[in-house]
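Notebook open, model loaded. I jotted these entries as I went, one lookup at a time.

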Amino acid sequence: MPNKKSAERRVNIAERNRLYNKHWTSKCKTAVKGVLNAVASGNGELAAKSFSVAQSVIDKAVVKGVMHKNTAARRKMLMARQLKMLAV
């Protein structure tokens with residue numbers, strides 16, 4: 001346990017931030033899985049709709065500082081590539 005009041009506050013803030021980041025990270029992973037599952041099932045319409053939602057969630061995570069912009073770009077590129085292969 002922290003010995004100083006300021007250290008105790010930092011522990012509380014770190015825990016709050018951890019839970020916030022965990023929430024958004026989980027939300028992003030779920031959205032990406034939704035797209036990849038739709039692509040795997042061959043449902044193009046659902047995949048396109050899920051892709052739009054996933055892009056939005058990932059972009060919001062970047063704005064909130066949970067995810068790095070290059071990581072977000074990589075994940076969106078992976079989903080777009082899967083979606084494009086479904087269309088071909």
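**Entry 1, S50.** I started with S50, which counts as buried at 16% relative accessibility. The cut-off for buried is under 20%, so S50 makes it into that class. I should say here that I'm working from a predicted model. S50 sits in helix 2, which covers residues 44-63. What does S50 touch, not counting residues up to four places away in sequence? I found G34 and V35.

**Entry 2, A54.** I stayed in helix 2 and went on to A54, which is also placed there. Buried or exposed, I wondered about A54? A54 is buried, with a relative accessible area of 0%. I then listed the contacts of A54, leaving aside neighbours within four places in sequence, and got A31, V32, V35 and M79. V35 was already in my notes as a residue that S50 touches. I also took a distance from A54 to R75: the C-alpha atoms are 9.6 Å apart, with the two positions 21 residues apart along the chain.

**Entry 3, the overall fold.** Time to zoom out. How many helices and strands does the protein chain have? I count three helices and zero strands. Read along the sequence, that gives the pattern α-α-α. The radius of gyration is 17 Å, well over the 12 Å that the globule rule gives for 88 residues, so the chain is more spread out than a compact globule. I checked the C-alpha trace along its principal axes too, and the spans are about 60 × 20 × 15 Å.

**Entry 4, burial and contacts.** Of the 88 residues in the protein chain, 22% are buried. S50 and A54 from my earlier entries are both buried. The accessible surface comes to about 6,500 Å², and carbon and sulfur atoms hold 55% of that. I looked at contacts between residues at least 6 apart in sequence as well: 59% of these join residues at least 24 apart.

**Entry 5, N12.** Next I moved to helix 1, residues 5-41, where N12 has its place. N12 is partly exposed, with a relative accessible area of 49%. From N12 I took a distance to S56, which is 44 residues away along the chain, and their C-alpha atoms are separated by 30 Å.

**Entry 6, charges.** I counted 19 positive and 4 negative charges in the protein chain, and their mean positions are 5 Å apart. Side chains of opposite charge can pair when their charged atoms come close. So how many salt bridges does the structure hold? It holds two.

**Entry 7, E15 and R18.** One of the salt bridges joins E15 to R18, with the closest N and O atoms 2.9 Å apart. Both residues lie in helix 1, three residues apart, which is about one turn of the helix. I looked up their exposure: E15 is partly exposed at 36% relative accessible area, and R18 is partly exposed at 44%.

**Entry 8, D59 and K76.** In another salt bridge, the side chains of D59 and K76 meet at 2.7 Å, N to O. Which helices do D59 and K76 lie in? D59 is in helix 2 and K76 in helix 3 (residues 69-87), so this pair ties together parts that are 17 residues apart in sequence. D59 is partly exposed, with a relative accessible area of 36%.

Conventions
Residues are numbered from 1 along each chain as its sequence is written. This is a predicted model: local features need pLDDT of at least 70, side-chain atom pairs count only at pLDDT 80 or more; totals for chains, interfaces and linings use all residues. Side-chain values use heavy atoms; hydrogens and water are left out. Helices (H or I, at least four residues) and strands (E, at least two) are DSSP runs, numbered from the N terminus. The radius of gyration is taken over C-alpha atoms; the globule rule is 2.2 Å times the number of residues to the power 0.38. Buried means under 20% relative accessible area, exposed over 50%, partly exposed in between (1.4 Å probe, protein chains only). Contact means heavy atoms within 4.5 Å. Accessible areas come from the Shrake-Rupley method with a 1.4 Å probe; for residues, only the protein chains shown count as cover. Lys and Arg count as positive and Asp and Glu as negative; His and the chain ends are not counted. The place of a charge is taken as NZ of Lys, CZ of Arg, CG of Asp or CD of Glu. A salt bridge is a side-chain nitrogen of Lys or Arg within 4 Å of a carboxyl oxygen of Asp or Glu.
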